[in-house]
Amino acid sequence: MQQTEIRRKPRSRFRNLLPFWLILPTVVVILAIQVYPAFYTVWLSLHQREPKGWEYVGLDNFPRLFRMGIFGESVGHTIVFLIGYTTLTLVLGFIIALLLNRKLKLSGLYITVLFVPWIIADIIVGIVFRLLVVPDYGLLSGILQNPALFPPSGISVLTATRPPSWFGGFPFPPAPAMIYLIMASAWRALPFITLLLLAAMQTVSNEIIESSRMDGANGWQVVRHILIPLMLPTLVVALFSLTLGGMNGVGMVFSLTGGGPGTSTEVLSYLLYVLGWSQLEFGRAAALALLIAVVNWALILATLRITRVEERSH
C-alpha cells in the first residue's frame, strides 16, 4: 500500500503541474517578444549612447525629445492623419455596410472581394499606391497633372508642398501627400471596419425598423435614431481600433511617402523609426515609444470603460 501511494504522489504532482507545462512555451514566447522588449525600452529611455558606452541620463531624453521642432510638427501631422483616416473609414464602412445589409444579389461575392485589401500587407499597399501616382509612369499621374482638372499646372502628389497653414503652426490644410496617405490607409482598413459594422447592423431587429417606418420615419431618421444608437458600442470599438492602428502603423508611410515631401507626412510612428534607425538616437526613440505606449493604453482603457458603460445601460 505504501509503495502504491508513493507511486501515486509523483503522478498527482505531474497532473497538477501539467497545465503549467502546457502554457510554458507560450509564456516563454511572450516574455521574449513582449515583456523583455518593454523593460529594455524603459532602460533605453533612461540612457544615452556615447562613444565610451551607455550613459545614464535619467529623464533627460524626454525634454530633449520635446525640444525637437519635428516632434511638435509630427504631433500635428498625427492628429490630422487620425481625424481624416478614422472619419473616412467609418463613413465609407457604414455606407457599404448599409448596402450589404440589404441582401443584394451576390452579396457573398461582394464581401469576399471587399475583404481582399485587408489581407495585403500595409507596406505592399503603400508601394502599389505609390506606383499609381509616380509622375513619369503612374496610372493616375496623367489625370492629376492635367491643368484643366487641377489648375494652374496640375498636381504631383508625392512632391507638392503643403499649402499655407490656416491655424498658425498647425499643419492644416494638409499636403496632397497626406490626403493620399489617408485615402490609401482607409482603403486597406475599410474591409475589417465594414464587416464589423455589418455584423452589428444585422443584430438590429427588423421589427424595430419596420415599426419605425410605419410611424413615418424615413431612411435617414432610421439611421440616425435607431441604427446609430443601437450600434454605438461597435462604433466606439471601431473608432478606437482605427485610432490604435493609425497611431502605430509605419509601413504605409514608409513605403508610400517616406515622410515626405519634406516632413509633410512624418507622423509620430515614422518619427520613431527615423530616430531609432536613421539617426541612431535610441534614447530619444525609446522615450517616444513610451509616450506612444501611454497613448495606446489610454485608448484601450477608454474603450473598455465605454463598452462597459454601454453594456450596463442595456
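Which helices each supply at least two residues of the nonpolar patch? Keep that in mind for the first close-up of this predicted model.

**View 1. A nonpolar patch on the surface, built from helices H3 and H4.** The answer is helix H3 (69–100) and helix H4 (107–114), each with at least two residues in the patch. Nine names to look for here: Val91, Leu92, Ile95, Leu99, Leu104, Leu106, Leu109, Tyr110 and Val113, which make up about 800 Å² of nonpolar surface. H3 is the top contributor, with four residues. Val113 sits in helix H4.

**View 2. The largest nonpolar core and its best-connected members.** This core has 56 residues, and Phe81, Met231 and Leu288 are the ones that touch the most other members. Helix H7 (residues 176–201) brings the largest share, twelve residues. Zoom in on Met231 and you find Phe94, Leu197, Ala200 and Met201 in contact with Met231, leaving aside residues up to four places away in sequence.

**View 3. Arg64 and Glu281, a salt bridge between distant parts of the sequence.** Their side chains meet at 3.5 Å, N to O. Arg64 belongs to helix H2 (residues 61–66), while Glu281 is in the loop between helix H12 (268–278) and helix H13 (282–313), so this pair ties together parts that are 217 residues apart in sequence. Searching the whole structure turns up two salt bridges, and this is one of them.

**View 4. Glu281 again, now with Arg284.** Here the side chains of Arg284 and Glu281 come together in a salt bridge at 3.2 Å, N to O. Arg284 counts as buried because its relative accessible area is 12%, under the 20% cut-off. Glu281, at 22%, is partly exposed. Through shared partners, the salt bridges link Arg64, Glu281 and Arg284 into one network.

**View 5. Two of the annotated transmembrane stretches, residues 20–43 and 177–201.** Both come from the "transmembrane region" annotation in an unreviewed UniProt entry, which also includes 75–100, 107–132, 222–244 and 282–304. Residues 20–43 are 100% helix and 0% strand, with end C-alpha atoms 30 Å apart. For residues 177–201 the chain is likewise 100% helix and 0% strand, and the end C-alpha atoms are 34 Å apart.

**View 6. The span annotated as "domain: ABC transmembrane type-1".** The unreviewed UniProt entry places this domain at residues 75–303. In the model the span is 67% helix and 0% strand, and its end C-alpha atoms lie 22 Å apart.

Notes
Residues numbered from 1 in each chain as written. Predicted model: local features only at pLDDT ≥ 70, side-chain atom pairs only at ≥ 80, totals over all residues. Heavy atoms only, no water. UniProt positions renumbered as here; feature names shortened; annotations may be inferred. Core = buried A, V, L, I, M, F, W, Y, C linked by side-chain atoms within 4.5 Å. Buried < 20%, exposed > 50% of the residue type's maximum accessible area, 1.4 Å probe, protein only. Contact = heavy atoms within 4.5 Å. Patch = residues over 30% accessible without salt bridge, like charges linked within 9 Å, V, L, I, M, F, W, Y side chains within 5 Å. Areas by Shrake-Rupley, 256 points an atom, 1.4 Å probe, with all protein chains shown as cover. Salt bridge = Lys/Arg side-chain N within 4 Å of Asp/Glu carboxyl O.
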